[in-house]
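Student: Could you take me through one helix of this model in close detail, and then show me how the parts around it are put together?

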Amino acid sequence: MAYTSIFFDLFDTLVHFDRDRLPTVEINGKAVRSTVAYLHAVLAAHAPDVTLERCHGALQASWHEAERLRAIDHREVPARERFADFFRRLALDPRELPPGLDVALIDAHRRELAKAANFPAHHRPLLERLARRHRLAVVSNFDYTPTALAILDAAGVRELFAAIVVSDEVGWRKPRADIFEEAIRRTGVEPRRTLFVGDRADIDVAGAHGMGMDSAWINPGREPLPPGIPPPLYEIRDLAELEAIVDR
């Protein structure tokens, strides 16, 4: 197949997320990696009775609840919805808080998350070469589009993509067809001539297969394919192997 377009997952495909680069904070005598200290600093000016420990507990609980909801039917839980749950767990009424406080918290969270994103040096020249001959797009499961855009901006590759489609905009996550269909609509490509590249067999490979796309599964640990997942056409260890595939 001569591919005219290549779609990429973002995290652990184009960008590696390194939790060890998150800030360390002490919670109940234990060091944890979390953005919570930055969120607490923003919140403390308006809710001084909220301790760092309570803030951390609410942040963790809101994340687990968002993951529970996502697992039901792959509906996205956007960051603002998650932080509304965060406020409820702290018994804070958003109507009594300054307008835009949720956005200030999300931005503090986003800035620290972005610092933990590592864009491998060899990815940019690879993407530049691929973009000369293919229409590129990013299709990502994430709850806040500005984070994804900031990471791609910092890496200097945002302009290489004809579309950057993030699940919080669409409302649905991979492997649902909705987010793939939106990427196809924005780029105008043919699914059968599109290669999808991602690190999750259950999300990226299965979702692409359902759209009639070929897939390349990034599987550096040589993990077995999960039961019930259609095998990808290609299995690679590193994104550097992609060029040989699409240049055949």
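Tutor: Happily! In this predicted model, helix H1 spans residues 36-44, and its buried residues are Val36, Leu39, His40 and Leu43. Looking down the axis of H1, you will find these buried residues within an arc of 100 degrees, so they line one face of the helix. What do the buried residues of H1 pack against? Their partners are strand S3 (24-27) and three helices: H2 (52-73), H3 (79-89) and H4 (101-115).

H4 leads us on to another helix, since H4 is also among the elements that cover the buried residues of H6. In H6 (145-155), the buried set consists of Thr145, Thr147, Ala148, Leu149, Ile151, Leu152 and Ala155. Besides H4, their cover includes strand S5 (117-118), helix H5 (123-133), strand S6 (135-140), S7 and helix H7 (167-170). Just after H6 comes glycine 156, with a positive phi of about 75 degrees.

Two of those covering strands, S6 and S7, take us to the sheet. Six strands make up this open sheet, in the order S7-S6-S1-S8-S9-S10, with parallel pairing. At the edges stand S7 and strand S10 (234-236), each with a single partner strand, so one side of each has no neighbour in the sheet. From one strand to the next, the twist averages 20 degrees. Within the sheet, S1 and strand S8 (residues 194-198) pair in the parallel sense over four bridges, and isoleucine 6 stands opposite leucine 195 in S8. Helix H9 (residues 201-210) packs on the sheet, where it touches S8 and strand S9 (214-218). The direction of H9 makes about 165 degrees with that of S9.

Now for the aromatic side chains. Searching the whole structure gives five aromatic pairs. In one of them, the ring centres of phenylalanine 8 and phenylalanine 161 are 6.4 Å apart and the planes are at 80 degrees, so this pair is edge-to-face. Phenylalanine 8 belongs to strand S1 (residues 5-8), while phenylalanine 161 lies in the loop between H6 and strand S7 (163-166), so the pair ties together parts that are 153 residues apart in sequence. Are these two phenylalanines buried or exposed? Both phenylalanine 8 and phenylalanine 161 are buried.

Elsewhere, Phe83, Phe86 and Phe87 form one aromatic cluster. Finally, have a look at tryptophan 172: the charged end of arginine 176 sits over its ring, 3.7 Å from the ring centre.

Terms used: Residues are numbered from 1 along each chain as its sequence is written. This is a predicted model: local features need pLDDT of at least 70, side-chain atom pairs count only at pLDDT 80 or more; totals for chains, interfaces and linings use all residues. Side-chain values use heavy atoms; hydrogens and water are left out. Rings of Phe, Tyr and Trp (its six-membered ring) pair if their centres lie within 6.5 Å; planes under 30 degrees apart count as stacked, over 60 as edge-to-face and the rest as tilted. Helices (H or I, at least four residues) and strands (E, at least two) are DSSP runs, numbered from the N terminus. Buried means under 20% relative accessible area, exposed over 50%, partly exposed in between (1.4 Å probe, protein chains only). A charge sits over a ring if NZ of Lys or CZ of Arg is within 6 Å of the ring centre and within 35 degrees of the ring normal. The arc is that of the directions from the helix axis to the C-beta atoms. Contact means heavy atoms within 4.5 Å. Two strands pair if DSSP finds at least two bridges between them. Axes are lines fitted to C-alpha atoms, for helices over the stretch in contact, and angles run from 0 to 180 degrees between N-to-C directions.
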